[in-house]
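This briefing concerns one protein chain and is arranged by topic. Please consult the sequence and the structure shown here before reading on.

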Amino acid sequence: MSRIATIRERSGDDLLRDIATSEREIWDLRFQRNSEKAGDPSKIRQLRRQVARMLTVLRERELGIERGQTK
């Protein structure tokens, strides 16, 4: 199952909670990077993309767009 399909299965409240958690983790990773602590540099990029996917699913639900529907 793809990542976006897994995200679509989750409730809106769960997505909002995950977005907040991911954004906090991004902030923490940026802080660690700026204070010269070792870390995975690609983790920030992965988290940002994950947040974007969750926000996309929330927006699709808000607009009433069905999965697989095209313009």
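Just after H3, Gly64 adopts a positive phi of about 75 degrees. The model is predicted: local features need pLDDT of at least 70, side-chain atom pairs count only at pLDDT 80 or more, and totals for chains, interfaces and linings use all residues. Residues are numbered from 1 along each chain as its sequence is written, and side-chain values use heavy atoms, with hydrogens and water left out.

**Confidence**
- The chain has a mean pLDDT (the predictor's confidence in each residue, from 0 to 100) of 87, and 90% of its residues reach 70 or more.
- Among the elements of the chain, the highest mean pLDDT belongs to H3 (94) and the lowest to H1 (90).

**Helix H3**
- Helix H3 (a DSSP run of H or I, at least four residues, numbered from the N terminus) comprises 22 residues, 42–63.
- From first C-alpha to last, H3 reaches 32 Å, close to the 32 Å expected at 1.5 Å a residue; the expected span is 1.5 Å times one less than the number of residues.
- The buried residues of H3 (under 20% relative accessible area, 1.4 Å probe, protein chains only) are Ile44, Leu47, Val51, Met54, Val57, Leu58 and Glu60.
- Helix H1 (3–9) and helix H2 (12–34) are included in what covers these buried residues, with contact meaning heavy atoms within 4.5 Å.

**Lining of the largest pocket**
- H3 gives the most to this lining, with 6 residues, while H1, H2 and H3 each supply at least two.

Key. Buried means under 20% relative accessible area, exposed over 50%, partly exposed in between (1.4 Å probe, protein chains only).
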